[in-house]
Amino acid sequence: MTLREGLLLARAGDAAHPAAVAAFTRLAAEHGTPFYVYDAETIREQARSLLAAFGPRFPKLRVRYALKANTNVEIVRLVLSEGLAPEVVSEGEIRAALRAGAKGSDVLFSSSSKSPSEIDFSLEHDVLLNVDNLDELSQVSAAAVRRGTTARISFRINPGVDPDTLHQINTGCSESKFGVHLDGGIARKGYETAKSLPNVVIAGIHCHIGSQINDTVAYEEAARKMLAFVRELKEELGIRLSFVDLGGGLGIPFRDGGTGMSPEELAKALQSIWKEEISLLGYEPELWIEPGRFLVAQSGLMVARVNSVKTTPVKSFVNVDAGFNTLLRPAFYGAVHRVRVVGKTAAPMTLDVAGDVCETGDILAEGRLLPTPEAGDLVVFLDAGAYGFAMASEYNARPLPAELLVDGDEVRVIRRRGTFEELHRGEPGGAEVRP
Ligand code: LLP
């Protein structure tokens, strides 16, 4: 059986299957732990399922990939090779998109806080600027005038829609820091101003209401509000847009037996609203969407090794060689990632999987019923391909984990493990530091 089949068996719950044991044992022996491993085919499947759901329903469609979910250039290249375009939030992500072969003019840049040099860099590469506020708008215009170029812009709208998701990843509600509010006429003022400013061309409109969203209700509400506003722009300001970007945020099932919202469900729900609104609008802009998590989360596993197991008067812990420096989501958001113990089935016990960071909060999984692990066993965290490595750090002076890409039976190191020297890069004498 192939490496990929081994990974998929563990994912499906059979981490004791000989093919799963062989796959993880081989990867850990060759590359050390902890590491991230991504399955290329799962990424392709996710991209294709989005295109299959949205493509036939929206003839004028552009699907983007939100690079923040996973910025590894090999992953970006893989996603873009499926026909997607980049959505980015920093100069570093613009550079990652360019490295992966994207054209600057295909990049959409959406940060809510762009520095003057990021604006300049975007203009230099003809990146589409998704403007967050009126102050930024005037800076973009001034920079374009100074450079003798034209800025293509859209506005990130705060539609005042509250999706049912974690507070920390809810971005569309009125209290969030993102975008120009529809309320109070701020968004309208933005477009009106943009129309009158020199060296600015209005291209479209954008919103992103949040992340890990599992029903269509909030999307529908956002789509209605956005399209009604697009009509207002046409009728009252004479502005026609070439695209309407409804953001990312598609959730995935993080639990066994769980079902997320399928791309089909979302595409279907949006289609009827779109049709209705487009006939009122009298022209059809492109529909853009820009998921991150949906494309890469399920492809990724984070693999750690058990250092020790201990029972206290209160509970039992399995200490592993990864922590919130490796996978931040459980500690930061209370996120739940399923855990598999490789090669074990016997004697299930309730355990906390504890990280190796010196902080009480460094618990990667809490109160899980797992086959009793022993020192040396491998432990796999599922759905770690999005916001996993991307949010990793070197806290506690631990080098960054390796990233591996499996395609069938092939494995490629797409980022080698960090080194102890790298912990001191940029420090005076850092290059000379030896482990
Ligand atoms: N577009 C914009 C403007 C965004 O801010 C985001 C995510 C996306 C697209 C992609 O959202 P997705 O499809 O991945 O849900 N670190 C958190 C998630 C933060 C998402 C921030 N914005 C987590 O680990 O759950």
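**Exercise 1. Locate the ligand and describe its surroundings.**

The ligand sits in the largest pocket. A pocket is an open set of points on a 1 Å grid over the protein atoms alone, with protein on both sides within 12 Å along at least five of seven lines; a molecule sits in it if more than half of its atoms lie within 2 Å of its grid points. This is a predicted model, in which local features need pLDDT of at least 70 and side-chain atom pairs count only at pLDDT 80 or more, while totals for chains, interfaces and linings use all residues. Residues are numbered from 1 along each chain as its sequence is written, and side-chain values use heavy atoms, with hydrogens and water left out.

Next, take the 19 residues around the ligand (a heavy atom within 4 Å). Ser211, Gly249, Glu290, Arg329 and Tyr387 come nearest.

**Exercise 2. Find polar contacts of the ligand (N or O atom pairs within 3.5 Å).**

Start with the ligand's oxygen atoms: a polar side-chain atom of Arg329 lies 2.6 Å from one, and a backbone N or O atom of Arg293 lies 2.8 Å from an oxygen atom. Then take nitrogen: the side chain of Tyr333 places an N or O atom 2.8 Å from a ligand nitrogen.

**Exercise 3. Relate the ligand to the domains.**

An automatic or database domain assignment gives domain 1 (3-39 + 297-418) and domain 2 (110-291). The shell around the ligand draws at least three residues from each of these domains.

Note on methods:
Polar contact = N/O pair within 3.5 Å; in protein donor to acceptor, adjacent residues only side chain to side chain. 1 Å grid on protein atoms, 1.4 Å probe; cavity = no way out; pocket = protein on both sides within 12 Å on 5 of 7 lines; lining within 4 Å.
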